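Dear colleague,

I am passing on the structure below, together with an account of what was found in it. Please read the notes with the model open beside them.

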Amino acid sequence: MSSTTTNASLFERAQRRIPGGVNSPVRAFRSVGGTPYFVSRGEGAYVWDVEGRRYLDYVQSYGASILGHAHPAVVEAVRAAAGRGTTYGAPTEGEVRLAEELCARVPGLEMVRLVSSGTEATMSALRLARGATGRSKIVKFAGCYHGHSDALLAGGGSGVADQGLADSAGVTAGAVADTVVAPYNRVPALDRDVAVVMVEPVAANMGLVPPAPGFLEGLRAACDRVGALLCFDEVITGFRVGPGGASRRFGVLPDLWCFGKVIGGGLPLGAFGGREAVMEQLAPLGPVYQAGTLSGNPLATAAGLAVLAELDDAAYAMLDGRASELAGMLGDVMVDADLPVQVPRLGPLLGLHFSDAPVTDYDEARAAAETGIYRRFFGAMLERGVAIAPGPFEAMFPSLAHGHDDLERTADLAAAAAADVQRLLAPGAARS
Ligand SMILES: *Cc1c(COP(=O)(O)O)cnc(C)c1O
């Protein structure tokens with residue numbers, strides 16, 4: 001990094017060699033406008049850009065950094081693991097310990113396989129469900145994001161929604177012919193061709209949309225009626241909304257789980273798992289093939305174990321309390337600025353919809369995004385050194401490193417930002 005390196009100059013260079021200048025689309029700021037900040041380092045609740053500007057960070061790698069950035073326990077675990085070699089192509093004790101730790105925390109989870117991303121977890125769970133049931137059809141919900149594999153992109157939230165793409169080019173009709181997209185929070189009618197119903201038990205990729213009372217129980221019953229498997233994509237909710245994730249929190253037992261983000265402590269790691277009878281369909285025990293050169297690699301498992309070791313009941317209580325405080329303050333600030341707002345919260349997860357009424361599905365989430373308020377609020381916050389996700393369809397991720405003072409600062413800056421937004425929206429103000 002030279003003294004003349006700026007976000008703008010890096011973005012210009014990036015765009016020459018990396019499509020859109022980014023390696024994951026939502027980072028490009030297309031839905032909020034402006035130039036992305038290029039991060040040079042992070043510590044706790046903060047990141048610094050290459051120009052030396054500090055941001056109070058609520059992105060936290062979309063939930064991958066639940067302890068905050070560069071937590072000493074994670075740094076030390078990764079440093080120590082790196083010194084022993086980063087990958088061997090042979091099994092390690094760390095994989096066994098992480099698998100045991102995941103299963104110990106999630107009731108009903110009997111076996112897991114480790115992979116390197118959430119996308120791999122969902123893609124593999126899907127293949128496993130199809131292999132185990134001998135059926136083809138899958139049901140997913142509009143606005144839920146399950147990674148970028150072909151069959152699961154249809155009706156996707158998160159970056160897919162940000163880009164305004166209904167689906168993606170390059171996905172053949174054949175690849176999605178067996179994908180049925182249903183509205184979130186309504187139990188769809190299933191038939192006996194359905195292999196699996198895949199759902200985010202708390203949707204966190206269309207902003208935060210909690211499950212309506214009875215929705216998850218209804219899915220369980222509907223799957224049981226036709227012999228379909230139920231898969232909870234807990235890549236965001238797993239080990240965040242509580243020690244056992246959403247399944248434990250809501251007391252609804254799926255057949256399959258997908259994990260990612262939190263369990264890798266900021267390194268590439270995902271997992272899918274379920275009951276032994278289903279998981280034993282995987283190679284080398286069964287006929288469903290699935291593999292990975294870097295699966296369960298020693299750095300990622302070391303980081304994951306270090307993170308989970310910090311996540312005891314006291315940590316979740318603290319995360320819960322901070323999210324609750326933040327949600328209350330953000331709600332008050334918006335009301336004071338006369339902006340329509342919903343701040344849904346589920347434990348440590350919260351969302352921000354600029355809407356008069358609670359958001360229960362993707363259509364409502366999109367309507368809230370289309371007010372353009374999020375985009376303006378994002379810009380007004382970034383200007384003040386607070387980073388929220390550069391798109392209206394993401395959740396907010398306060399970490400264990402976000403202290404009370406950080407939240408109070410957020411509230412003060414959010415009040416000023418909200419007032420700016422209100423001025424911009426006032427009749428006669430220039431629309432940007
Ligand atoms: C982030 C996410 C994924 C994809 O995980 P990657 O690690 O980005 O591949 C899948 N499902 C959900 C619910 C996610 O939030």
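Ligand site

An oxygen atom of the ligand lies 2.7 Å from an N or O atom in the side chain of Lys261, where a polar contact is a pair of N or O atoms within 3.5 Å, with the added conditions, for pairs within protein, that one atom must be able to donate a hydrogen and the other to accept it, and that residues adjacent in sequence count only if both atoms are side-chain atoms. The protein covers 83% of the 380 Å² of accessible area that the ligand has on its own, areas coming from the Shrake-Rupley method with a 1.4 Å probe and, for residues, with only the protein chains shown counting as cover.

Before the rest, a word on the source: this is a predicted model, in which local features need pLDDT of at least 70 and side-chain atom pairs count only at pLDDT 80 or more, while totals for chains, interfaces and linings use all residues. Residues are numbered from 1 along each chain as its sequence is written, and side-chain values use heavy atoms, with hydrogens and water left out.

Two further side chains make polar approaches to the ligand: a polar atom of Asp233 is 2.7 Å from a ligand nitrogen atom, and a polar atom of Asn205 is 3.1 Å from a ligand oxygen atom. The residues around the ligand (one heavy atom within 4 Å of it) include Ser117, Thr119, Tyr145, His146 and Glu200. By class, this shell divides into 3 nonpolar, 6 polar and 3 charged residues, with Ala, Val, Leu, Ile, Met, Phe, Trp, Tyr, Cys and Pro counted as nonpolar, Asp, Glu, Lys and Arg as charged, and the others, Gly among them, as polar.

The two sheets

Helices (H or I, at least four residues) and strands (E, at least two) are DSSP runs numbered from the N terminus, and two strands pair if DSSP finds at least two bridges between them. An open sheet of 7 strands, with mixed pairing, follows the order β4-β10-β9-β8-β7-β5-β6. Its edges are β4 (111–115) and β6 (179–182), each with a single partner strand, so one side of each has no neighbour in the sheet. Within this sheet, β9 (residues 256–259) and β10 (residues 270–274) run antiparallel and are joined by 4 bridges, and Cys258 has Phe272 of β10 as its bridge partner. Helix α5 (residues 118–133) packs on the sheet, and its direction makes about 165 degrees with that of β9; contact means heavy atoms within 4.5 Å, and axes are lines fitted to C-alpha atoms, for helices over the stretch in contact, with angles from 0 to 180 degrees between N-to-C directions. Helix α4 (residues 93–105) lies across β4 and β10, at about 130 degrees to β4.

A second open sheet, also of mixed pairing, has 4 strands in the order β1-β2-β3-β13. Helix α15 (residues 404–425) lies across β2, β3 (54–57) and β13, running at about 105 degrees to β3.

Backbone details

The peptide bond from Ala283 to Pro284 is cis, with omega near 10 degrees, and Pro284 lies in the loop between α10 (276–279) and α11 (298–310).

With best regards
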